[in-house]
Structures are given as C-alpha cells and as structure tokens.
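I opened the model today and took notes as I went. The entries follow the order in which I looked things up.

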Amino acid sequence: MKRYQNLLMVIAVVALVALPLWMIKKPAPGIAGKEVQIFAGTDDKAKNLVGAISPDYKPWFTPLMEPPGGEIGSLLFAVQAALGAGFIGYWYGCARTRAKCERAISTAVKC
Amino acid sequence: MHIMEGFLPATHAIGWSVASTPFVAYGLYSINKRIKEKPEQRMLLGVAAAFTFVLSALKMPSVTGSSSHPTGTGLGAILFGPAAMAPIGMVVLLFQAILLAHGGLTTLGANIFSMAIVGPFAAVTIFRLVRSTKLSFGPSVFLAASLADLLTYVTTSAQLAFAFPDPAGGFTASFAKFAAVFAVTQIPLAISEGLLTVVVMNALARFNAPELQEMNVTTTLEVKA
C-alpha cells in the first residue's frame with residue numbers, strides 16, 4: 001500500500017505540472033507580430049510590477065555575472081538539480097543496501 | 001520567489017540582511033553542534049540540503065501562465081529544526097545569485113529571510129501543531145511543507161509591497177498585486193512540494209527510522225507500523 005501511495009503522489013505531481021501546459025493556450029501574436037511569451041518567470045513579472053508601481057525606481061545594482069545565454073542558464077539549473085538528485089540517489093542506494101544486509105545478517109545469509 | 005538583483009532600495013536590502021544574519025549564524029552553530037554530537041545524522045543533513053537543491057532548481061509552470069519554483073526547505077526544517085535551514089538556504093541562494101543572476105547579492109538577505117527563515121519556521125510550527133491534533137504523519141508533513149512553500153512567497157510579496165507601496169492604496173494594494181503574481185502562481189507548486197516532501201519523508205521513515213525517532217519526527221508506534 002505504501003508503495004502505491006508514493007507512486008500516486010509522484011503521478012499527482014506530474015499531473016500538476018502537465019495540467020497548466022495543457023490548460024494555458026498561447027495567445028495569437030500581437031499587432032506588432034511579437035510573440036507572446038507564456039510561462040515567464042514570476043520574478044520577471046514582479047520586476048515589471050515594480051516598474052508599474054514606482055516608475056521612477058532604478059535598480060541600483062546589477063548582477064556581477066549573467067549566464068551568457070539561455071542555454072547556459074539551463075545548464076546551470078540542470079547541474080544544480082543533478083547535484084541534489086545525485087546525492088539523494090546515493091543515500092537511497094546506501095540505505096536500501098544497508099537494510100538488505102541487516103535483514104540478511106539477522107537470518108544468517110550472506111548479503 | 002527571488003527578488004531580483006538591485007530591486008530593493010538600499011535601506012531595505014541592508015535591513016533584511018541584518019535581520020537574516022543572526023539566523024544564519026545560529027543555524028551554522030546548531031548544525032555544527034548536531035553533527036559533532038550525532039555524526040550518523042550527517043547523511044540526513046545531506047539529503048535535506050540535496051532536496052532543497054533539487055526543488056529550487058525546478059521551475060514549474062502554473063495555472064496562472066507563469067512559472068516559479070518550489071523551495072524544498074520544509075523537509076530539512078522538520079528534520080533538523082528551522083534554524084538549520086538558514087545556512088543551507090543561503091548556499092542555494094548564493095549559487096543562484098552568483099552563477100545564474102537569479103536573485104541577487106543585494107537582495108540575498110531578503111531572499112534568505114523569506115525562503116530560509118520564514119518557510120522553515122512555518123514548516124516546523126505547522127508540523128508540531130497538526131501533529132498535536134493526532135493527524136497522522138503523511139498529511140502532517142504535506143501540510144507543513146506545502147504551507148511553508150506558500151508562506152515563503154507571501155513573505156516575498158510583503159517584502160516587495162513594503163519597499164514599493166502603491167501610490168494610491170499603500171502597502172495593502174501593493175501587497176495584493178505582488179501576491180497575485182507570486183502567491184497565486186505558487187498554489188499548485190506548493191501542493192507539488194508537499195507531495196514530494198511526503199515521498200522523501202516516507203523513504204526516510206523506512207530506512208532511517210531510528211534517527212527520525214531520535215529527532216522526534218516520528219513516534220515509536222509509527223515506526224513499527
């Protein structure tokens with residue numbers, strides 16, 4: 001039962017991610033022929049909102065280093081996720097093997 | 001949830017940094033102490049940090065047509081206490097601020113405050129509160145992690161509204177606008193984070209039962225069940 005629970009939760013997460021992709025349709029390009037971007041980051045939207053509320057505000061500091069392109073940005077995000085997922089996988093492997101060995105020892109079978 | 005580089009007035013940027021510093025310092029102290037006393041918990045600390053790394057790298061689409069990312073701080077907060085997540089969150093935020101121009105150094109203090117302080121403290125408070133009502137382990141973890149995620153983004157909205165009050169409606173009107181961007185987008189993501197936290201917590205409860213019991217996360221009865 002536990003196993004099914006976990007599987008169902010993972011499926012729910014996939015559905016939660018897939019649902020918006022299916023629900024939100026890309027609007028037709030505007031008059032200027034500019035593509036409308038959907039699923040932009042909320043950070044960017046907040047930046048525009050700051051501009052709307054306080055048009056006089058000027059950011060007083062700029063990032064020291066920006067990824068040289070969108071692809072490089074994705075690379076770094078992927079590295080970040082891979083580092084984390086890699087470690088969780090390592091722990092899971094260790095933990096499973098340890099549990100297996102403990103069981104084997106208690107029943108006096110070689111693991 | 002990251003406030004972009006330079007997008008907080010200098011006084012606010014300094015104020016939030018000053019507010020976050022003691023939490024980070026105490027968090028470092030508490031992690032060091034814990035690892036010295038119980039070196040076997042090092043692996044779990046790694047899992048907690050890794051979980052935050054993964055989740056805060058995943059930008060997910062939301063029903064509002066915007067994308068955002070979860071925070072992953074609830075898991076570690078429930079395991080190691082809220083303070084421990086402040087330095088861990090700082091590492092993640094620094095990585096993104098320096099290498100990805102996502103968030104920023106001037107807004108680091110404010111971002112630490114929302115993601116690595118308010119989120120974890122909310123997670124632990126909610127977890128203890130719902131556990132005291134005898135709600136079972138899974139749903140408690142879910143509520144704690146997802147509400148902590150949501151509250152992080154509510155905090156970000158409040159921080160921005162505080163810095164940029166609406167010329168007509170003041171803080172409240174501005175907060176409503178920022179919350180419409182951040183908090184509403186976050187709702188499905190918060191649910192995802194809650195579910196993923198339960199999945200990892202289930203695995204931890206299965207393979208690291210003695211540690212979790214020692215940390216007062218699960219009770220004896222539940223470990224056996």
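**Entry 1: a helix pair across the chains**

I began with helix H2 (residues 42–53) of chain A and H7(B), which pack at an angle of about 170° with axes 10 Å apart. Angles over 145 degrees count as roughly antiparallel, and H2(A) and H7(B) are therefore roughly antiparallel to each other. I note here that I am working with a predicted model.

Next I listed who meets whom. From H2(A) I found A:Thr42, A:Lys45, A:Ala46, A:Leu49 and A:Ile53. Facing them in H7(B) are B:Ser174, B:Lys177, B:Phe178, B:Val181, B:Phe182 and B:Thr185. I sorted this contact of H2(A) with H7(B) by class: six residues are nonpolar, three polar and two charged.

**Entry 2: the whole contact between A and B**

How many residues does each chain bring to the contact? I counted 51 residues from chain B and 49 residues from chain A. On the chain B side, five elements each supply at least two residues. They are helix H2 (42–57), strand E1 (60–61), strand E2 (66–68), helix H4 (85–100) and helix H7 (170–207).

Which element gives the most to the side of chain B that touches chain A? H7(B) does, with 16 residues. I then split that side of chain B by class and got 32 nonpolar, 15 polar and four charged residues.

**Entry 3: a sheet shared by two chains**

I turned to the strands. Strand E1 (residues 40–41) of chain A is joined to E2(B) by two bridges, and the two strands run parallel. I checked the partners in E2(B). A:Ala40 has B:Ser66 as its bridge partner, and A:Gly41 stands opposite B:Ser67.

I then wrote down the strand order. The open sheet has three strands, E1(A)-E2(B)-E1(B), with mixed pairing. Which strands stand at the edges? E1 of chain A and E1 of chain B do, each with a single partner strand, so one side of each is left without a neighbour in the sheet.

I also looked at what lies across the chain B strands. H7(B) lies across E1 and E2 of chain B and runs at about 40° to E2(B).

**Entry 4: helix packing inside chain B**

I took H6 with H7 of chain B. Helix H6 (residues 137–163) packs on H7(B) at an angle of about 155°, with the axes 7 Å apart. That makes H6(B) roughly antiparallel to H7(B). I looked up the hand of the crossing of H6(B) and H7(B), and it is right-handed. The contact of H6(B) with H7(B) divides into 23 nonpolar, eight polar and two charged residues.

Then I took helix H1 (residues 10–37) of chain B with H4(B). Their axes come within 6 Å and cross at roughly 110°. The range for roughly perpendicular is 65 to 115 degrees, and H1(B) and H4(B) are therefore roughly perpendicular to each other.

H1(B) makes the contact through B:Phe23, B:Val24, B:Gly27, B:Leu28 and B:Ile31. H4(B) makes it through B:Met85, B:Ala86, B:Pro87 and B:Met90. I find eight nonpolar residues, one polar and no charged residues in the contact of H1(B) with H4(B).

**Entry 5: chain B as a whole**

I closed with the overall layout. Chain B has nine helices and two strands. Along the sequence I read the pattern α-α-β-β-α-α-α-α-α-α-α. Its radius of gyration is 17 Å, close to the 17 Å that the globule rule gives for 225 residues, so chain B is as compact as a globular protein of that length. Along the principal axes, the C-alpha atoms of chain B fill a box of roughly 60 × 35 × 30 Å.

How values were computed:
Residues numbered from 1 in each chain as written. Chains lettered and ligands numbered in written order. Predicted model: local features only at pLDDT ≥ 70, side-chain atom pairs only at ≥ 80, totals over all residues. Contact = placed C-beta atoms within 7 Å. Helix = DSSP H or I, 4+ residues; strand = E, 2+ residues; numbered from the N terminus. Nonpolar A, V, L, I, M, F, W, Y, C, P; charged D, E, K, R; others polar. Pairing = 2+ DSSP bridges. Axes fitted to C-alpha atoms, helices over the stretch in contact; angles between N-to-C directions. Parallel < 35°, antiparallel > 145°, perpendicular 65-115°, else oblique. Left-handed = near helix turned anticlockwise from the far one by under 90°. Rg over C-alpha atoms; globule rule 2.2 N^0.38 Å.
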